[in-house]
Amino acid sequence: MASTDEIRSSLAEIVNEIAGIPVEDVQLDKSFTDDLDVDSLSMVEVVVAAEEKFSVKIPDEEVKNLKTVGDAVAFIERAQNG
Amino acid sequence: MITPATGAANSAILGIGGYRPRRVVTNAEILEHIDSSDEWIQTRSGIKERRWAEEDETVLAMSVSAAKKALDQAGIDPGQIGCVIVSTVTHLYQTPALATQVAVGIGAPTAAAFDISAACAGFCYGVAMASDLVRGGSAKYVVAIGVERLSDLTDSMDRSTAFIFADGAGAAVVGPSDVAGIGPVVWGSDGTQHDVISQKTSWREASDAGEWPHLRMDGNPVFRWASYEMAKVAQQAMDAAGITADELDLFVPHQANMRITDAMFRALKLPDRVKVARDIARQGNSSAASIPLAIEAMIEDGDAKSGDTALIIGFGAGLVYAGQIITLP
């Protein structure tokens, strides 16, 4: 099972590829919209890529709760362990 | 014994024409009614300006104009047209169909004529049916038209849709061909998502409430469906026609949103050599008209030419979708 930092690191690569954000900026306390400037459409792309990468399902109604990178990493960890 | 119809072995698009309304509506004009910004509109949609029809640019007038251009290119006598198919969601008469008047307008007054409601997939639905009518022997030549005046159903105060929708018409003449110029259609629907893009209320409810039944859309689910599910359909359309990415010249998706086009292009992993339609920037989303208008623009800009192999795919309210490979006339 991937560690928290491994998930964060993989997610950072996805955010970098889709939104062009430097990987080192994608830290657990960062807000996708306020700190990283990831808009709602890019967030959809990040979610789809993350679902594929981590073999999890992130429902549409859950996406709005994923405000920070840490929220997303925690959700993916729970989903993988569930 | 019944004698069955016999049609052409192959069909192709013989002519394409469009009608772009005169009036350019800038983002600044849209912003008079919604709390947003030019930068927000451009980053979320890629739209810099759109065309909205004026009073005399009716769905009938725009359809006839586009179809005549397509007929000119095809070099077909209108009297040979056996069927006229019009796709529209903005002909504001429940009956009769717009297509019968279009048939009269283009000089094919006795052709079979009917409308279809396939929203932004309408042009691809129309081309698919036209191809089958030609190959099935029900018509020698068919005119398939997509026409919209979406500005009539746009809520100028709705900040999620006011900047997207536009007006226009596009037409294709489909007829027999020595070689196949239209690949198998890959099409379908998903009525479980009928409510993500729709008219807000029925005409009756709107009438009772004294309101106008504007269009509404849930942007994020539509973006997800269009960008990813439709990329799969586009790939299937290529596979069905036996065309690889290396043989493709043009990618012309319905001009819904530049971000959807970009996401589909990435998901399809098409080579950078393939020219991508980006007419949305100056035309907005004109639904069933967007694909033929985008093709016409690419030809005018020198990005496309006769004989090019194009992947076209339409998708929208229903949800409905259709994609096929075509050879440009």
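Select A:Asp37 to begin: with 14 C-beta neighbours inside 10 Å, this residue counts as partly exposed. The model on the screen is a predicted one.

**Chain A: two residues in loops**

Keep A:Asp37 selected and display its backbone. The residue is not a glycine, yet its phi is positive, at about 60°. To place A:Asp37 in the chain, highlight α1 (4–19) and α2 (40–54) of chain A; the residue lies in the loop between them.

Next, move to A:Ser55. Here too phi is positive, at about 55°, in a residue that is not a glycine. A:Ser55 sits in the loop that runs between α2 and α3 (60–63) of chain A. Is A:Ser55 buried or exposed? A:Ser55 has 10 C-beta neighbours inside 10 Å and therefore counts as exposed, the cut-off for that class being 12 or fewer.

**Chain A as a whole**

Now show all of chain A as a cartoon. The view should contain 4 helices and 0 strands, and a walk along the sequence gives the pattern α-α-α-α. Along the principal axes, the C-alpha atoms of chain A fill a box of roughly 30 × 25 × 20 Å. The radius of gyration of chain A is 11 Å, which agrees with the value near 12 Å for a compact globule of 82 residues.

Colouring chain A by burial adds to this picture: 28% of its 82 residues count as buried. Among the contacts in chain A with a separation of 6 or more, 52% are between residues 24 or more positions apart.

**Where chain A touches chain B**

Bring chain B into view and select the residues at the boundary. How many residues of each chain are in contact with the other? On the side of chain A there are 7 residues, and they are in contact with 9 residues of chain B. Within chain A, the element that gives the most to this side is α2(A), with 5 residues. Sorted by class, the chain A side has 3 nonpolar, 1 polar and 3 charged residues.

**The five-stranded sheet of chain B**

Hide chain A and select the strands β1, β7, β6, β4 and β5 of chain B. In that order they form an open sheet of 5 strands with mixed pairing. At the edges are β1 (11–19) and β5 (112–116) of chain B, each of which pairs on one side only. On average, and with direction ignored, neighbouring strands of this sheet are turned by 15° against each other.

Turn to the pairing between β4(B) and β6 (residues 141–149) of chain B: these strands run parallel and are joined by 6 bridges. To see one such position, select B:Val86, whose bridge partner in β6(B) is B:Ile145. Then add helix α10 (residues 290–300) of chain B, which packs on the sheet and touches β1, β6 and β7 (167–176) of chain B. The direction of this helix makes about 85° with that of β1(B).

Now isolate β1(B) and β7(B). They run antiparallel and are joined by 8 bridges. Within this pair, B:Gly17 stands opposite B:Ala171 in β7(B). Why is β1(B) described as largely enclosed by the rest of the structure? The reason is that 9 of the 9 residues of β1(B) are buried.

**B:Ala99 and its surroundings**

Select B:Ala99, which is part of helix α4 of chain B. B:Ala99 has 25 C-beta neighbours inside 10 Å and so counts as buried, the threshold being 20 or more. Leaving aside residues up to four places away in sequence, B:Ala99 touches B:Val84, B:Ile85, B:Val86, B:Ala113, B:Phe114 and B:Asp115. Display B:Leu60 as well: it is 39 residues from B:Ala99 along the chain, and the two C-alpha atoms are separated by 8.4 Å.

**Two cis peptide bonds in chain B**

From B:Ala99, go to B:Thr95 and B:Pro96. The peptide bond that joins them is cis, with omega about 0°. B:Pro96 belongs to the loop between β4 (81–87) and α4 (98–105) of chain B.

For the final stop, select B:Gly318 and B:Leu319. A cis peptide bond joins this pair as well, with omega about -10°. B:Leu319 is placed in the loop between β13 (309–316) and β14 (320–327) of chain B.

How values were computed. Residues are numbered from 1 along each chain as its sequence is written. Chains are lettered from A and ligands numbered from 1 in the order in which they are written. This is a predicted model: local features need pLDDT of at least 70, side-chain atom pairs count only at pLDDT 80 or more; totals for chains, interfaces and linings use all residues. Two strands pair if DSSP finds at least two bridges between them. Axes are lines fitted to C-alpha atoms, for helices over the stretch in contact, and angles run from 0 to 180 degrees between N-to-C directions. Two residues are in contact if their C-beta atoms, placed from the backbone, lie within 7 Å. Ala, Val, Leu, Ile, Met, Phe, Trp, Tyr, Cys and Pro count as nonpolar, Asp, Glu, Lys and Arg as charged, and the others, Gly among them, as polar. The radius of gyration is taken over C-alpha atoms; the globule rule is 2.2 Å times the number of residues to the power 0.38.
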